[in-house]
Amino acid sequence: MIIELDSISKYYENEGAITRRNVLNEISLAINPGDALSIVGPSGSGKSTLLNILGTLDLPTSGIVKIKGKSIHDFNEKQLAKIRNDNIGFIFQLHHLLPQLNLIENILVPTIPQKDKSLKKSALERAMNLLDSVGLVDKIHQRPGQLSGGECQRAAVVRALINEPDLILADEPTGSLDQDSAEKLGELLSVINKKQNVAMVMVTHSHDLAKKMDKIYKLDHGNLTDY
Ligand SMILES: Nc1ncnc2c1ncn2[C@@H]1O[C@H](COP(=O)(O)OP(=O)(O)OP(=O)(O)O)[C@@H](O)[C@H]1O
Ligand SMILES: [Mg+2]
């Protein structure tokens with residue numbers, strides 16, 4: 001078990017109003033090694049909120065989140081940041097690459113906390129291998145502004161993989177791409193899941209993309225159900 005949500009709810013108090021907005025309603029979900037699932041649902045249904053809670057970037061209002069059997073509520077923010085960095089890779093709709101760094105520097109950002117020189121060297125080798133596998137090895141000195149949208153998203157995938165996570169969380173990873181690039185990125189994520197056994201949770205509006213994962217969930221009115 002990589003991550004487990006035990007009956008988590010999330011709500012926001014509406015300021016000055018008597019109503020309470022329930023975004024997530026007692027959701028339980030377990031992510032196991034190698035799982036591939038996607039989450040679909042209307043805009044505003046809480047998909048990003050759920051993904052952020054899975055990634056420990058946000059906390060539920062109630063319920064328990066566990067990483068590898070340990071409740072995250074027992075860790076402080078610094079400990080949690082390390083656990084997150086070691087175990088989870090994130091891919092967002094917009095690549096979030098740093099504009100002032102070139103491609104290889106961007107890829108290596110998540111390895112900066114690593115002090116061990118030999119591990120740093122192996123990270124560089126891993127980065128080059130991964131960049132080769134996504135066809136970007138000849139662009140390592142270019143900055144994000146000098147790359148296409150699809151190339152930036154592929155780079156974001158490599159960055160998410162650089163610390164060898166057990167799990168990748170992707171929020172609308174193809175949202176900024178044309179159909180052809182979106183299809184290729186979906187295929188890339190599916191291959192990574194199958195070949196490297198990295199668990200994958202993907203939020204998407206696209207049913208074609210959702211189908212690249214093994215299981216589809218639907219989020220509606222705060223409830224997560226099989227699609
Ligand atoms: N900090 C906040 N305060 C109040 N309401 C919030 C806050 N953050 C999110 N919400 C509300 O929670 C609901 C779920 O938002 P969320 O971003 O998770 O939806 P989503 O399913 O990812 O939508 P989209 O498909 O448009 O990205 C929305 O109605 C949003 O307005
Ligand atoms: Mg969203």
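Modeller: Before we start on the pockets: a residue counts as lining one if it has an atom within 4 Å of a point of that pocket. And keep in mind that this is a predicted model.

Colleague: Fine. What makes a residue part of the lining of the second largest pocket, and which ones lie nearest its centre?

Modeller: The test is that 4 Å cut-off, and 14 residues line this pocket, so each of them has an atom within 4 Å of one of its points. Nearest the centre are D86, P110, T111, Q114 and N163. Two elements, α2 and α4, give two or more residues to the lining. The pocket holds about 290 Å³ of space.

Colleague: Why does D86 count as charged there, and Q114 as polar?

Modeller: Asp is on the charged list, which also has Glu, Lys and Arg, whereas Gln falls among the others, so D86 is charged and Q114 polar. By class, this lining comes to 5 nonpolar, 5 polar and 4 charged residues.

Colleague: And what lines the largest pocket?

Modeller: It has 18 lining residues, with N85, I88, F90, P110 and R159 closest to the centre. The volume is about 420 Å³. At least two lining residues each come from α2 (77-87), β6 (88-91) and α5. The classes split into 11 nonpolar, 5 polar and 2 charged. Pro is on the nonpolar list, so P110 counts as nonpolar.

Colleague: Over to the core. How do you know that I91 is buried?

Modeller: I91 belongs to the largest nonpolar core. Core members have to be buried, which means under 20% relative accessible area, so I91 falls below that cut-off. Of the 36 residues in this core, I91, I107, L131 and V157 touch the most other members. The elements supplying at least two residues each include α3 (103-108), α4 (117-133) and α6 (179-196). The biggest giver is α5, with 7 residues.

Colleague: Which residues does L131 touch?

Modeller: Leaving out residues up to four places away in sequence, L131 touches L103, I104, I107, L136, V137, I140 and V158. There's also a second, separate core of 30 residues, with I8, L29, I67 and I72 among them.

Colleague: Last one: why is the link between K212 and E187 called a polar contact?

Modeller: Their side chains come to 3.1 Å, and the cut-off for a pair of N or O atoms is 3.5 Å, so the pair qualifies. K212 sits in the loop between α7 (207-210) and β9 (215-220). Residues up to four places away in sequence aside, K212 touches E183, G186, E187 and S190.

Conventions. Residues are numbered from 1 along each chain as its sequence is written. Chains are lettered from A and ligands numbered from 1 in the order in which they are written. This is a predicted model: local features need pLDDT of at least 70, side-chain atom pairs count only at pLDDT 80 or more; totals for chains, interfaces and linings use all residues. Side-chain values use heavy atoms; hydrogens and water are left out. A nonpolar core is a set of buried Ala, Val, Leu, Ile, Met, Phe, Trp, Tyr and Cys residues joined through side-chain atoms within 4.5 Å. Buried means under 20% relative accessible area, exposed over 50%, partly exposed in between (1.4 Å probe, protein chains only). Helices (H or I, at least four residues) and strands (E, at least two) are DSSP runs, numbered from the N terminus. Contact means heavy atoms within 4.5 Å. On a 1 Å grid over the protein atoms alone, a cavity is a set of points where a 1.4 Å probe fits but cannot get out, and a pocket is an open set with protein on both sides within 12 Å along at least five of seven lines; lining residues have an atom within 4 Å of a point. Grid points are joined across faces, edges and corners, and a volume is the space filled by probe spheres set on the points. A polar contact is a pair of N or O atoms within 3.5 Å; within protein, one must be able to donate a hydrogen and the other to accept it, and residues adjacent in sequence count only if both atoms are side-chain atoms.
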